[in-house]
Amino acid sequence: MTDKSVPPADAERAAAWLAQHGLADVRPTPLLATRLAARRRTRLAADVLLAAFIIAVALIYTVDKFIGAAVDGSGPYWHWSLLVLTAVVVALVLAQSLLDRRVRRADRQAAAALPRRAAHPVPLGWRTVLGVPRALFAVATFAAATVLGVSALTTQGSTARYGAFVLLIGLCGVAVGTVVQLRHVLTHPVVADDEVSLTADVIMRVEDARNVATPTVVWSLPVVSVFETALGWWIAAWLAFIALSAITLALITTRTAQSGTVARHAMSAG
């Protein structure tokens, strides 16, 4: 790869990425290095964004709890704090959408330099890109977390119910953001001009989808809201939920094909 517009570090990472996915004999191209660099920076920004979201949820919950306790202990400031939280959730979804747009822009710029455009042998659906086990796991994780959040509303303490509202609003935001990101992964145009770059395109989609479907934020949200005030049975149920879902994800990761294998199967299906 001799394109001086691509930093040497990005070129080296592209070569390592190819070797990791069983394409060690393939020469990294500027197009591939540019697309991988865009995804790496976007994932870093997305991780920082989600960390900021969790901190914002914790701050809103903590400030409101202290103000409410200072007045009469019943939480009369729920309305404004929940509105602020809703605004934070909307901002999270918009920010994730803007990050996805950065990846799409990088892909469009890379595609514009291609002399011709290749196409996948068969259309790639969610079964191929994400896989049935991971899709079911993502749906089950959000459903179980929502059930636990709703169950926390049945407690007698107003502070605990407020924490449950914070959790449920946060879950809604994360769920919408996940759907938006998965839609982008499944629908953005192919950026490839030969079989090798087409295989790399499928691998990137699979990795993007799997990264989006990992419920890290879902596991973390109650720690900043419900845990302090929830009943013992609820905390035990949530810890069991985290342990079971983590084990399930580990089993899915172990028993399902790696992204490179998925890509080669998708290519041979045509």
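Modeller: As a preliminary definition, UniProt positions are stated in the numbering used here, with feature names shortened, and such annotations may be inferred rather than shown by experiment. The model under discussion is predicted.

Colleague: Which residues does the UniProt annotation "transmembrane region" cover?

Modeller: The annotation comes from an unreviewed UniProt entry. According to that record, the "transmembrane region" covers residues 44-63, 78-99, 160-180 and 231-252.

Colleague: How far apart are the end C-alpha atoms of residues 160-180?

Modeller: For residues 44-63, the span is 100% helix and 0% strand, with end C-alpha atoms 28 Å apart. Residues 160-180 are likewise 100% helix and 0% strand. Their end C-alpha atoms are separated by 31 Å.

Colleague: How many helices and strands does the protein have?

Modeller: Read from the N terminus, the elements run α-α-α-α-α-α-α-α-α-α. The count is therefore, with helices and strands taken as DSSP runs, ten helices and zero strands.

Colleague: What span should the 24 residues of α9 have at 1.5 Å a residue?

Modeller: The expected span is 1.5 Å times one less than the number of residues in the helix. The end C-alpha atoms of α9 lie 34 Å apart, which agrees with the expected value for its 24 residues, 34 Å.

Colleague: Which helix gives the most to the largest nonpolar core?

Modeller: The largest nonpolar core has 30 residues, and F53 and L221 have the most contacts inside it. At least two residues each come from α2, α3, α5, α6, α8 and α9. With seven residues, the helix that gives the most to this core is α6.

Colleague: Which residues is F53 in contact with, leaving aside its neighbours within four places in sequence?

Modeller: F53 is one of the two residues with the most contacts inside the largest nonpolar core. Once neighbours within four places in sequence are set aside, F53 is in contact with V88, V89, L92, G170, V174, V217 and L221.

Colleague: Where do the buried residues of α10 fall, and which helices do they pack against?

Modeller: In α10, S259, G260, V262, A263, A266 and M267 are buried. Seen down the helix axis, these buried residues fall within an arc of 160°, so they line one face of α10. The face turned away from the buried side carries the exposed residues H265 and S268. The buried residues pack against α4 and α7.

Colleague: What percentage of contacts between residues at least 6 apart in sequence join residues at least 24 apart?

Modeller: Of the 270 residues of the protein, 46% count as buried. Among contacts between residues at least 6 apart in sequence, the share joining residues at least 24 apart is 79%.

Key:
Residues numbered from 1 in each chain as written. Predicted model: local features only at pLDDT ≥ 70, side-chain atom pairs only at ≥ 80, totals over all residues. Heavy atoms only, no water. Core = buried A, V, L, I, M, F, W, Y, C linked by side-chain atoms within 4.5 Å. Buried < 20%, exposed > 50% of the residue type's maximum accessible area, 1.4 Å probe, protein only. Helix = DSSP H or I, 4+ residues; strand = E, 2+ residues; numbered from the N terminus. Contact = heavy atoms within 4.5 Å. Arc of directions from axis to C-beta.
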